[in-house]
Amino acid sequence: MAKLAVLTLLALLGSVACQTGGYGYGGGSPTPPITYPQPSYGPPAAGGLKVGYYDYKCPGAEDVVRKVVGYKDAGVKAGLVRLFFHDCFVQGCDASVLLDPTPANAEPEKVGIPNLSLRGFEVIDKAKAALEARCPGVVSCADIVAFAGRDASYFLSGRAIDFDVPAGRYDGRVSLKNETIPNLPPPFADVDRLKQMFAAKGLDAVDMVALSGAHSIGRSQCSSFADRVPPSGTTTSDMDANLAASLQRQCTTPSDTVAQDAVTPDALDNQYYKNVMSRQVLFRSDAALMTAADTMGLVRASAYFPGWWNAKFAEAMVKMGAVANLISKQF
């Protein structure tokens with residue numbers, strides 16, 4: 001009984017690391033409410049989150065996160081952008097993607113197939129530890145994930161993309177592997193399915209195309225686009241022939257990885273859209289953006305006007321960050 005009481009107390013109070021506690025709080029988050037709103041798949045929560053939320057609660061909190069992110073290499077930074085997306089699309093932006101397996105929950109989101117290649121967990125924990133030393137029990141892991149996604153975008157874009165991140169999220173209590181595949185857009189999705197999956201989160205086609213630009217950074221396993229790469233010596237693919245030939249050489253096993261954007265692999269920029277237009281993209285979901293008039297127009301606008309895309313990407317990141325949150329202001 002004593003051991004059970006200790007475990008219950010730890011689940012409620014959390015710990016310094018964001019990855020502990022299968023169903024409990026990720027660590028050091030604001031004191032959880034007694035009751036919780038049910039996760040929503042509708043429009044983003046309007047209000048509740050606030051820019052400068054920690055200005056008085058934990059001055060300099062966002063600077064701490066930016067400093068930690070700034071020291072990481074481009075691959076880890078790309079992983080942080082992806083981590084934010086994967087967190088928000090399953091149970092909302094509540095840091096539930098961080099939770100490790102426990103005896104109480106052996107299969108959290110982290111072990112879902114789409115999440116097995118996620119990176120950046122150690123960055124979140126390092127930032128959390130620094131913030132716990134400064135302001136114990138104040139800054140939630142969910143807000144750290146959001147700040148880190150913004151800061152990674154800032155560095156990878158050469159400081160061209162920067163935006164205020166509304167904060168005030170609670171860390172989620174529920175993390176389930178079986179919710180990852182139904183909620184995370186797969187690399188083989190057609191444009192109608194993409195629109196439906198983004199619309200379910202309150203995000204429109206403009207947001208969808210803007211956020212797809214994150215495929216200008218990071219790497220992908222060859223298994224994710226094997227359906228688009230023809231067997232060696234053949235050319236039966238809608239992919240650019242030179243790219244297909246290069247991938248045939250690089251992908252000797254399904255677990256091999258390649259840059260998602262071979263032109264500017266470490267830069268978050270509008271090169272992705274030029275690649276889409278020239279059929280030099282990896283995923284079927286990328287190529288699908290040219291199959292509908294509205295998304296095709298957005299691709300072209302993003303390719304021709306980089307400043308416009310920078311602004312739309314920033315707007316979409318903020319909008320995504322408000323999806324189905326547990327918002328402290330509500331309680």
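**Helix packing and internal cavities**

H3 passes H5 in a left-handed crossing. In this predicted model, the axes of helix H3 (residues 74–88) and helix H5 (residues 141–156) come within 8 Å and cross at roughly 140 degrees. The two helices, H3 and H5, are therefore oblique to each other. On the H3 side, the contact is made by Ala74, Lys77, Ala78, Leu80, Val81, Leu83, Phe84 and Asp87. H5 contributes Val145, Ala146, Ala148, Gly149, Ala152, Ser153, Phe155 and Leu156. Sorted by character, the residues of this contact of H3 with H5 comprise 12 nonpolar, two polar and two charged.

We can now turn to the empty space inside the model. The structure holds two cavities of 30 Å³ or more. For the largest cavity, the volume is about 50 Å³. Its lining consists of Phe84, Ala146, Arg150, Phe163, Val165, Pro166, Arg169, Met317, Val318 and Gly321. Two elements, H5 and helix H13 (306–320), each give two or more residues to this lining. Phe84 and Ala146, which line the largest cavity, also take part in the contact between H3 and H5. By character, the lining of the largest cavity divides into seven nonpolar residues, one polar and two charged.

The second largest cavity has a volume of about 30 Å³. Around this second cavity lie His215, Gln260, Tyr272, Val281, Leu282, Phe283 and Asp286. Of these lining residues, four are nonpolar, two polar and one charged.

Definitions and conventions. Residues are numbered from 1 along each chain as its sequence is written. This is a predicted model: local features need pLDDT of at least 70, side-chain atom pairs count only at pLDDT 80 or more; totals for chains, interfaces and linings use all residues. Side-chain values use heavy atoms; hydrogens and water are left out. Axes are lines fitted to C-alpha atoms, for helices over the stretch in contact, and angles run from 0 to 180 degrees between N-to-C directions. Helices (H or I, at least four residues) and strands (E, at least two) are DSSP runs, numbered from the N terminus. Angles under 35 degrees count as roughly parallel, over 145 as roughly antiparallel, 65 to 115 as roughly perpendicular and the rest as oblique. A crossing is left-handed if the near helix is turned anticlockwise from the far one by less than a right angle, and right-handed if clockwise. Contact means heavy atoms within 4.5 Å. Ala, Val, Leu, Ile, Met, Phe, Trp, Tyr, Cys and Pro count as nonpolar, Asp, Glu, Lys and Arg as charged, and the others, Gly among them, as polar. On a 1 Å grid over the protein atoms alone, a cavity is a set of points where a 1.4 Å probe fits but cannot get out, and a pocket is an open set with protein on both sides within 12 Å along at least five of seven lines; lining residues have an atom within 4 Å of a point. Grid points are joined across faces, edges and corners, and a volume is the space filled by probe spheres set on the points.
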